[in-house]
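Student: Could you take a close look at one helix pair with me? I would like to see how the two helices meet.

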Amino acid sequence: MDSVDIARWQFGITTVYHFLFVPLTIGLSALVAGLETAWLRTGRTHYLRATKFWGKLFLINFAMGIVTGIVQEFQFGMNWSDYSRFVGDIFGAPLAIEGLLAFFVESTFLGLWIFGWDRLDRRLHNACIWLVHIGTLLSAYFILAANSWMQHPVGYRIDHQTGRAVLTDFWAVLTNSTQLVSFPHTITAAFVTGGLFMAGVSAWHLARRKNIEVFRPSLKVALAVTAVASIGVAITGDLQGKVMTEQQPMKMAAAEALYKTEQPASFSIFTVGTPDGHKEVFGIKVPRVLSFLATGSFDGEVKGIDDVQAAEEARFGPGDYRPAVPVAYWNFRVMAGVGILTALVSVAGLWLLRRGRLPSNRWVYRAGVLSLTLPFIGNSAGWIFTETGRQPWSVFGVLKTSASVSPGVSPTSMLISVVSLTALYGVLLIIEVGLMLKYAKAGPPTEDEVLPPPPSGDDSDDAERSLAFAY
């Protein structure tokens, strides 16, 4: 492999790993905030116990997300210096705002929430965790704005003297049509992730009939959020597919392994292609569905890979503008299939919990625990599809990936970096899973542990009592 291949592998490994934590952080922050709000409104102790329990798991995940995310920005300067030099004026702006504004809001109010138990007014304390959630949404928005610009560059011009892209309209970058569909799709997927994570852990405890008063409400809330969010994922995914067809027709063609233009176009449930992914051998298709997904009409035309390749050669010059078709095709199906499964799991779970019931069949709980993995698989598949389907471009139609890599970094140096970071991330994964399992199995605190003791008249031990509620 050359430097470009190794640099792409490193960025892919570290980014997908980091993205395991981001959706869970977004989803769990909202659920924890909601549970604390429920405690404030009802005064029921089991909501407070649930807040403490899920808050601890949220904090573990949040910390790991920070550690793994730092590497991402270093890579731009180290492995992708030509990319950074070309787009830094544009790409750096939303990332800088994310760090200076959004992450500042997250970290500040998270600190207040952690150490503010019994020190802040209850409503103010609850507002802190809601502001943390808002901060995670802002972080996601600015980061996705930068990525959406790579998918559909707007609000810029090329300075031919310096050979760099120059920002001309920051508002256009923030309101990019790609961004306006990518952001809600990502956020609804994050709520699915948080919901099924909460549902899976709750199912594990309910199977053992432990802390039912805490985990049954948690499970019901989690499944309700997952059901609603799954609908959002489907709607926003449909909108995103239509925008993608208009802006990146090759990506849509690769997602369906559609080699010849069709009108109407059939949706491929299963396709076998040649080893190089350049030709279809066998496929099982549903008539007209792809036309609707791509254009909104069951009679719409969808361009095939061969025709898009010819059009892009005419537009950009000689070259191979096809992504790795098998990678795009199968990741698209994994993403869509997981979306359907998460919706089915949430609806089935809500049905089984109706009218105060609690299932007695242990297989139900095992299925609930296993469903915890679904959103992580779907999120990773969707991210891989989004990024690999854009190839060979790092900035679509403007800068190729082969021209983005650092010229002064040798393949050997990059290979050492890949191996080192992959090993380090493996260790971090063991730590993350170990901590999550330890505290998830430990269960929520008891009522005596979450409720403050009656005042003793001695203020000397206030600090010690407050720290007892810190994570």
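Tutor: Here is one helix pair, followed by the chain around it. This is a predicted model, where local features need pLDDT of at least 70, side-chain atom pairs count only at pLDDT 80 or more, and totals for chains, interfaces and linings use all residues. Residues are numbered from 1 along each chain as its sequence is written, and side-chain values use heavy atoms, with hydrogens and water left out.

Take helix α3, residues 45-78, and helix α15, residues 411-442. Helices here are DSSP runs (H or I, at least four residues), and strands are E runs of at least two, numbered from the N terminus. The axes of α3 and α15 lie 10 Å apart, at an angle of about 175°. Axes are lines fitted to C-alpha atoms, for helices over the stretch in contact, and angles run from 0 to 180 degrees between N-to-C directions. α3 and α15 are therefore roughly antiparallel (angles over 145 degrees count as such).

Now the contact itself (heavy atoms within 4.5 Å). On α3, the residues include F53, L57, I60 and M64. On α15, they include L421, Y425, L428 and I431. The contact of α3 with α15 has 14 nonpolar, three polar and two charged residues. Nonpolar covers Ala, Val, Leu, Ile, Met, Phe, Trp, Tyr, Cys and Pro; charged covers Asp, Glu, Lys and Arg; the others, Gly among them, are polar.

Now step back. The chain has 17 helices and six strands. Of its 471 residues, 48% are buried (under 20% relative accessible area, with a 1.4 Å probe and protein chains only). The C-alpha atoms fill a box of roughly 80 × 50 × 40 Å along the principal axes.

How values were computed
Parallel < 35°, antiparallel > 145°, perpendicular 65-115°, else oblique. Buried < 20%, exposed > 50% of the residue type's maximum accessible area, 1.4 Å probe, protein only.
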